[in-house]
Amino acid sequence: MSLESPRLVLVDSLTKVTPSWQPTAPLSGLSGWQGETVSFQVAWRPQRTMPTRLRSTLRIEIDGCDQAEFFAVDLVPTQLPCFDGASEGYIATEAAMLPDVLRPLATSAPGRIQVMPNHIGWHSVWVDLPLPCSDVRLRAWVNDELLMDQELDVLTVPRPLEPARVSFAQWFHSDFLAAYYGVEMWSEELWTAIESQMVSAARMGTTALLTPVFTPPLDTAVGATRPTAQLLDISLEDGVYRFETPRLDRWMQTLERAGIRQVELPHLFTQWGAKAAPQIHVSVDGVSRQMFGWDTPASDPAYQEFLLQLVPFLKEYFDARVGRENTLYHLSDEPILEHLEGYSTARTAVWESLEGCIVIDALSHPEYNDLVGTPVVANDAVPAFREHGIEPSWVYYCVAQCVGVSNRFIAQDGVRTRAIGWQMYKAGAEGLLHWAFNFYATELSSRPANPFADTSAGGAFPGGDAFIVYPGPDFTTWESQRHRLMAGAMADIAAAQQAEQILGRERVLRLIDPDGDLDYADGWVTNQEWLARRRALDEAVAAVSR
């Protein structure tokens with residue numbers, strides 16, 4: 001019994017097609033530079049039929065781009081879409097099933113797929129088109145009925161898109177990746193999953209991944225530990241520490257193959273105040289044990305002596321492999337005003353050893369500005385820094401930046417995620433940090449979590465804050481719509497930077513910010529308007545490139 005007719009609509013890549021979605025503006029066109037991947041969606045509301053064996057089948061054929069890739073945009077439970085009071089810029093404010101996972105669809109031939117529905121309401125098939133391509137034609141059938149046959153307007157700027165000249169750092173959590181798959185730390189299975197996720201991070205525009213030379217002292221309750229993830233083999237004999245690097249060497253080789261050019265090192269002191277040492281295992285007389293941890297004050301002489309030997313080793317090791325300019329060091333994450341004295345004391349113990357290094361820390365308070373080499377400022381705290389005459393060169397966001405600014409929650413409008421690119425370009429920012437590329441755990445690392453079933457870290461964070469990719473079958477990586485939105489943000493920066501060399505900064509800003517109000521918490525436009533501005537920039541460059 002047919003209850004409603006199938007409907008097909010071509011939709012842009014910023015729109016989130018929920019089961020109850022109402023079609024708005026159809027896809028107006030695609031644009032990008034050579035080497036860039038542009039995306040769109042085929043939104044599909046199939047018939048409700050009984051019995052199940054009569055379910056509709058959608059078949060899509062694309063001509064003019066044999067390299068097209070297809071994904072089903074699967075729904076995930078979003079238990080906490082946003083906090084109370086955060087409604088502007090969100091597609092849902094109550095618990096809901098929302099689109100996020102990009103589940104790869106196998107092609108029967110180049111540019112050909114078919115898919116069946118798996119829930120009631122609207123579905124989406126995601127399509128990636130690597131440029132250049134032109135004369136693209138899309139046809140779609142539901143069962144045997146041809147319901148769509150149209151040419152796609154695809155503009156390719158005849159210039160290759162170079163990587164954005166910014167740093168994009170992500171915190172990589174190997175311990176909970178191992179826990180999800182149920183494999184041992186540093187097993188061959190885990191290395192397969194790590195490399196897959198590193199490649200995915202590079203595809204998103206990531207330039208730096210947190211590298212666990214020792215277990216990062218992050219998101220762990222005071223007095224508790226998280227699974228040990230230490231790449232360095234450390235031993236102690238007669239007061240001298242020895243550092244062996246077979247696992248670290250493999251990590252660096254894997255990073256290089258993935259195309260990640262920078263390294264971010266764990267914090268030298270615990271999160272939220274620099275009160276203690278990280279959990280670090282050391283072998284003494286052939287027996288490995290945790291030598292430092294929560295019971296080791298930051299001022300402990302034994303730990304300070306360890307740092308005096310560790311930091312020079314790290315400098316020498318990473319200087320030789322990626323260069324000091326591509327190595328990012330940390331002291332402690334997100335200290336608040338009451339931690340100022342303790343942070344300053346911890347800094348004093350190690351600052352001389354870090355001379356010449358890039359030291360970054362996530363901050364929300366300008367009072368720390370002179371204590372950190374490169375403050376990484378929460379995007380909602382930028383106005384407070386500007387009041388002190390400071391324009392942050394790095395920014396970050398996480399769970400708390402949920403009102404009025406860019407973030408990458410599942411329930412946010414697509415433009416709220418992608419906007420960070422041009423916001424950074426206009427502000428002249430040089431780096432972006434996020435704490436969770438793949439944190440598959442509940443708050444404070446209390447237990448592992450399945451990201452397909454729990455997107456909110458046990459109800460602690462807005463859905464998607466803790467990860468942006470999913471652990472796929474056979475140690476592969478399934479990406480997300482948010483992954484593509486962040487890739488688009490990095491491509492927006494890259495396009496604006498290259499266009500500036502051709503058109504000049506003033507004209508670029510007129511094209512991407514015609515109202516002059518674009519900022520970290522201002523200048524919001526619709527998804528369609530954002531893409532129209534990107535198209536205008538691409539057309540302007542294409543016009544002088546022929």
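Here are four short exercises on the strands and helices of this structure, each with a worked solution.

This is a predicted model, in which local features need pLDDT of at least 70, side-chain atom pairs count only at pLDDT 80 or more, and totals for chains, interfaces and linings use all residues. Residues are numbered from 1 along each chain as its sequence is written, and side-chain values use heavy atoms, with hydrogens and water left out.

**Exercise 1. Follow the closed barrel.**
Which eight strands form the closed barrel, and in what order do they run?

Solution. Let's begin with the terms: helices (H or I, at least four residues) and strands (E, at least two) are DSSP runs, numbered from the N terminus. Two strands pair if DSSP finds at least two bridges between them.

Step 1. The barrel runs β12-β13-β16-β19-β20-β21-β22-β23, with parallel pairing.
Step 2. Take β16 (residues 262-267) as an example. Three bridges link it to β13 (residues 208-210), with alanine 208 opposite glutamine 262.
Step 3. Three bridges also link β16 to β19 (residues 327-330), where leucine 328 is the bridge partner of glutamate 264.
Step 4. Further along, β22 is joined to β23 (residues 431-434) by three bridges, and valine 395 stands opposite leucine 432.
Step 5. Neighbouring barrel strands are turned by 25° against each other on average, direction ignored. Such angles run from 0 to 180 degrees between N-to-C directions, and axes are lines fitted to C-alpha atoms, for helices over the stretch in contact.

**Exercise 2. Look at both sides of β21.**
Is strand β21 (residues 374-378) largely enclosed or largely open?

Solution. Buried means under 20% relative accessible area, exposed over 50%, and partly exposed in between (1.4 Å probe, protein chains only).

Step 1. Five of the five residues of β21 are buried, so the strand is largely enclosed by the rest of the structure.
Step 2. Now split them by face: Thr374, Val376 and Ala378 lie on one side, Pro375 and Val377 on the other, and all are buried.
Step 3. Check the neighbours. Strand β20 (residues 358-363) is joined to β21 by four bridges, with aspartate 361 partnered by proline 375.
Step 4. Three bridges connect β21 to β22 (residues 394-396), and valine 377 has valine 395 as its partner.
Step 5. From β21 the chain passes through helix α6 (residues 382-387) to β22 in a right-handed β-α-β crossover. Right-handed here means that, with the strands pointing away from the viewer, the path from the first strand over the helix to the second runs clockwise.

**Exercise 3. Lay out the open sheet.**
Which strands are the edge strands of the five-stranded open sheet?

Solution.
Step 1. The order is β1-β3-β8-β5-β6, with antiparallel pairing.
Step 2. The edges are β1 (7-12) and β6 (96-104), each pairing on one side only.
Step 3. For an inner pair, four bridges join β5 (residues 69-78) and β8 (residues 123-130), with glutamate 69 partnered by aspartate 128.

**Exercise 4. Describe a helix pair.**
At what angle do helices α8 and α10 pack?

Solution.
Step 1. Helix α8 (residues 420-427) and helix α10 (residues 505-512) pack at about 145°, with their axes 12 Å apart.
Step 2. Contact means heavy atoms within 4.5 Å. Trp422, Tyr425 and Lys426 of α8 meet Arg505, Val508, Leu509 and Ile512 of α10.
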